[in-house]
Amino acid sequence: MVIPKIIIQLCLMLVIARCGYVGFQLINHAKKKWLEILFHFAVAIIALDILL
């Protein structure tokens with residue numbers, strides 16, 4: 001069974017939005033966890049690259 005392309009695109013947009021949201025939430029913490037911040041932004045960038 002092949003998943004329609006539109007569903008894949010919606011899922012990638014969800015991943016981008018969620019990773020961006022969590023990344024910015026982590027930036028606002030007093031004690032920054034840089035590895036977590038970089039991880040979330042890296043996942044968002046990779047998902048954006050796949051989407052485009």
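Here are some questions and answers on how the terms used for this predicted model follow from its values.

Q: What should I know about the model before reading the values?
A: It is a predicted model, in which local features need pLDDT of at least 70 and side-chain atom pairs count only at pLDDT 80 or more, while totals for chains, interfaces and linings use all residues. Residues are numbered from 1 along each chain as its sequence is written, and side-chain values use heavy atoms, with hydrogens and water left out.

Q: How many helices and strands are there in the protein, and what counts as a helix or a strand?
A: The protein has two helices and zero strands. Both kinds of element are DSSP runs numbered from the N terminus: a helix is a run of H or I with at least four residues, and a strand is a run of E with at least two.

Q: Why is the protein called more spread out than a compact globule?
A: Its radius of gyration is 13 Å, well over the 10 Å that the globule rule gives for 52 residues, so the description fits. The radius is taken over C-alpha atoms, and the rule is 2.2 Å times the number of residues to the power 0.38. You can also picture the box that the C-alpha atoms fill, roughly 45 × 20 × 15 Å along the principal axes.

Q: How do you know that the span of α1 agrees with what is expected?
A: The expected span of a helix is 1.5 Å times one less than its number of residues. For the 23 residues of α1 that should give 33 Å, and its end C-alpha atoms are 33 Å apart, which agrees.

Q: What does the same check say about α2?
A: Helix α2 covers residues 34–51, which is 18 residues. From first C-alpha to last it reaches 26 Å, close to the 26 Å expected.

Q: Why is His-40 called buried?
A: Buried means under 20% relative accessible area, exposed means over 50%, and partly exposed is in between (1.4 Å probe, protein chains only). His-40, found in helix α2, has 15% relative accessibility, so it counts as buried.

Q: What is in contact with His-40, leaving aside its neighbours within four places in sequence?
A: Contact means heavy atoms within 4.5 Å. His-40 has such contacts with Cys-19, Val-22, Gly-23 and Leu-26. Those four are also among the buried residues of α1, together with Leu-12 and Gly-20.

Q: What makes one face of α2 the buried one?
A: The buried residues of α2 are Ile-37, His-40, Ala-44 and Ala-47. Seen down the axis of α2, they fall within an arc of 100°, so they line one face of the helix. That arc is the one made by the directions from the helix axis to the C-beta atoms. A general rule helps here: an α-helix has 3.6 residues a turn, so residues three or four places apart point the same way.

Q: Which exposed residues sit on the face of α2 turned away from its buried side?
A: That face carries Trp-34, Leu-35, Leu-38, Ile-45, Ile-46, Asp-49 and Ile-50.

Q: What covers the buried residues of α2, and what do those of α1 pack against?
A: The cover in α2 includes α1, residues 5–27. In turn, the buried residues of α1 pack against α2.

Q: Why is Ile-16 called partly exposed?
A: Ile-16, placed in helix α1, has a relative accessible area of 21%, so it is partly exposed. Apart from neighbours within four places in sequence, Ile-16 is in contact with Ala-44, Ala-47, Leu-48 and Leu-51.

Q: Is Leu-51 buried or partly exposed, and why?
A: Leu-51 has 24% relative accessibility, so it counts as partly exposed. Its place is in helix α2, and beyond neighbours within four places in sequence it is in contact with Gln-9, Leu-12, Met-13 and Ile-16.

Q: Why do Cys-11 and Cys-19 form no bond?
A: A disulfide is a pair of cysteine sulfur atoms within 2.5 Å. The sulfur of Cys-11 is 13 Å from the closest cysteine sulfur, in Cys-19, too far for a bond. Fittingly, a search of the whole structure finds zero disulfides.

Q: Why do Cys-11 and Cys-19 get their burial labels?
A: Cys-11 has a relative accessible area of 41%, so it is partly exposed. Cys-19, at 9% relative accessibility, counts as buried.
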